[in-house]
Every structure is written in C-alpha cells, then in structure tokens.
Amino acid sequence: MKLHPLIEEAGKVLEGIPLDRPLALSLAREIHGEDLLDLISLANKVRRKFSPPFQRCSIINAKSGRCQENCRFCAQSGHNCCPQVENYPVLEPEKVLEAARKVYDQGVRSFGYVTSGRGWSKPDQEFQKILDTLDLLHREMPDLHLCASLGILSEECVALLAKHHVWRYNMNLQTNPEKYGDLVATTHTVQEKIQTIRLMQKYGITNCTGGIIGLGESWEDRIDMALAIRELKVECSPLNVLLPIPGTKLQEQSVLAPAEVAKSFALFRLLLPTQSLKFCAGRETVMKDFQGLLMLAGLNSLMTGGYLTTRGREIKDDERFIQALGGFGM
C-alpha cells in the first residue's frame, strides 16, 4: 500500500525542508484512520533524525492557588471555583530541597520550580526566598538542571534568575497567540509572555514554551501555535492535553480522542523537528492506555512524578515505561 500523497510530501522534513502552514493544515484535515499511523511513523523518524536524546523532568508546586489571573483552564485561578486546590505561600527552601533530592535520587536531572500567580515586576522578599532556594539546590546538587516557571517577569528579575543558576524557564503560549484572549485569559496578554521569553534569551536562559490542546481551539489554532513557537526558537515545548477540572470555566469541555491527540503531536514534531517535545499533563489521566502510542508520535521527553494540581505517575513506573519504548527506537 502506498503512502498518502500528503504524507509523502511531508517526508521532505527528513531532508531538512521545513513543513509549511498549508501542508500542515492539509495533513490535519485529510489524514485519518490507517493513514494516521503512517503520519505517526514519519513523525517518529523525524524525531530520531533531528531531536535531542530522551529527557525526563519533574516539578514542584512551590506556591499554590491565590492567583488573580483568569486562565479559563486553571484550578489555581481565583476566578474559578476549585476548593480542592491547596492555597499556600512560597515553600521554605528546605522543603523544596527535600522534594528535589527525592527525584534526583531516582535519576531525574531536571527539576522545575513552579509558582502560581502573575509573576514579579520587582525582586521582593518572596522572590528573594526563591533565589535562596535555587542557590541551595545548586549547592547540594550542582549537576541538577534547575528550571523555573514564575510567570511574567521584569528584566531585573530575569537577570537575577540567570545569576542564580536557572538553566531553563517555562512560559507557555498555551494556544494560537491571536486567540489567547478568547481561549485562555484576559487579565494579561500573550505579548507579555513573549517579552519574558525574549528576556530569558537575552540573559542566556533556555526556554520551555508549549501549550495545551483541547481548549476548544481549531486545527488552524494548533498549527499557528506551533509556528509561533518555531518563530521564537525555543529549545523545548511541553504539550498538555486538557483535563477539564470541575470548578473551572472549561469543566464541561469534551476530552479529546486519542487519535486527534496523536495527530496533533505528530504535526508538532513535523513543524518543530529539532526541539524537545515533552508530554506533560493529560498523559496518565486523560490518555491512559494510549500514552505509549502518543509517545511514539514524535515526542522525546516527559514529565514524571506528578503535576501542579493533578496526579501523575511514580518515577519508577515511568522508568519501566521508557525502557519498554526503547524496543520501538525511542
């Protein structure tokens, strides 16, 4: 059986020719059923040829809830009603160290320090505690890659992160930038997020910039998000599948079918051939039995050990999962 002509045309990515928007849209609209497995196979070949080795990371929710931003999907937003979410201020450095050491001892070498809220325009006392925590982590585990996700930051704050051992910063576009106000939030702009990404690049901090699928966006929106990420030239893109959380504005949103997620991931890989693509939220809770197939759709990284407000999977279980994927060329 011959490949679908659109997949044959998309094979030019293996020759180093970028996938353009019209072809990406055609693939999204016209590839279904058995042809989808061929698209997944192509994405996996692109991953093997161009992308970095497999990576794992873990995170800590270092400040939870009490957020004044109105992100429609987020359980930590004060504009949503999610009483099940804990509210607490920035954790003490020793508690973060304990969590980091736990995952470090299990072989994880990338650790993300994540806080709720808009971010910081000035390095106040709370921000100083974060810097002290980063210093402590670096002192105790100097080979641990320190990542941070602290919201929208001023240049002064970004410069301090660079001095205090931050290797990578997470700032997600979440969706097509032109639809950010409609699909995500109106209390801040995507341009403020992009400015933070640019500041990280100015100060030598690598970027982890991705988004969520399943917000109610179109195929055009997903492809335009991938193209916006490509234009930013970031190093890593975390991909989340929406888990509709009770109490949020998206609590009634339908969960995506695994085939649609697989197609989305494969298109991201074809559009972003050299980046780390990381499967984050939704892997265990939404995709369940299909997460192995989805990892073979061009992804080369995963978040392990849990997320901010939803459960994850034990690191030892993910380690066995990764080893099993090795039989497929991961």
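**View 1. Gln 174, a buried loop residue with positive phi.** In this predicted model, Gln 174 is buried, with a relative accessible area of 8%. Gln 174 belongs to the loop that runs between strand S6 (166-170) and helix H7 (180-183). Its phi is near 75°, a positive value in a residue other than glycine. Most residues other than glycine have a negative phi.

**View 2. Lys 233, an exposed loop residue with positive phi.** Lys 233 is not a glycine, yet its phi is positive, at about 60°. The residue sits in the loop between H9 and strand S9 (236-241). With a relative accessible area of 65%, Lys 233 is exposed, whereas Gln 174 is buried.

**View 3. Helix H10 and its surroundings.** Helix H10 covers residues 258-271, 14 residues in total. From its first C-alpha to its last it reaches 20 Å, close to the 20 Å expected at 1.5 Å a residue. Because 11 of the 14 residues of H10 are buried, the helix is largely enclosed by the rest of the structure. Among the buried residues are Lys 263 and Arg 269, along with Val 261, Phe 265 and Leu 270.

**View 4. Phe 265 in the largest nonpolar core.** The largest nonpolar core has 102 residues. Phe 265 is one of the members that touch the most others, a group that also includes Leu 19, Leu 27, Leu 150, Leu 153, Leu 161 and Tyr 169. Leaving aside neighbours within four places in sequence, Phe 265 is in contact with Ile 213, Leu 239, Val 241, Leu 277, Phe 279, Leu 294, Ala 297 and Leu 299. A second, separate core has five residues, among them Cys 57, Ile 59, Val 114 and Met 303.

**View 5. The second largest cavity, lined by residues of H9 and H10.** The structure holds two cavities of 30 Å³ or more, and the second largest has a volume of about 40 Å³. Its lining consists of Trp 219, Arg 222, Ile 223, Ala 226, Ser 264, Leu 267, Phe 268 and Leu 271. Helix H9 (219-232) and H10 are the elements that give two or more residues to this lining. By class, the lining has six nonpolar, one polar and one charged residues.

**View 6. The second largest pocket, with Leu 271 in its lining.** About 190 Å³ of space lies in this pocket. Of the 15 lining residues, Arg 230, Leu 271, Leu 272, Pro 273 and Thr 274 are the closest to the pocket centre. The lining comprises 10 nonpolar, three polar and two charged residues. Leu 271 also lines the second largest cavity.

Notes
Residues are numbered from 1 along each chain as its sequence is written. This is a predicted model: local features need pLDDT of at least 70, side-chain atom pairs count only at pLDDT 80 or more; totals for chains, interfaces and linings use all residues. Side-chain values use heavy atoms; hydrogens and water are left out. A nonpolar core is a set of buried Ala, Val, Leu, Ile, Met, Phe, Trp, Tyr and Cys residues joined through side-chain atoms within 4.5 Å. Buried means under 20% relative accessible area, exposed over 50%, partly exposed in between (1.4 Å probe, protein chains only). Contact means heavy atoms within 4.5 Å. Helices (H or I, at least four residues) and strands (E, at least two) are DSSP runs, numbered from the N terminus. The expected span of a helix is 1.5 Å times one less than its number of residues. On a 1 Å grid over the protein atoms alone, a cavity is a set of points where a 1.4 Å probe fits but cannot get out, and a pocket is an open set with protein on both sides within 12 Å along at least five of seven lines; lining residues have an atom within 4 Å of a point. Grid points are joined across faces, edges and corners, and a volume is the space filled by probe spheres set on the points. Ala, Val, Leu, Ile, Met, Phe, Trp, Tyr, Cys and Pro count as nonpolar, Asp, Glu, Lys and Arg as charged, and the others, Gly among them, as polar.
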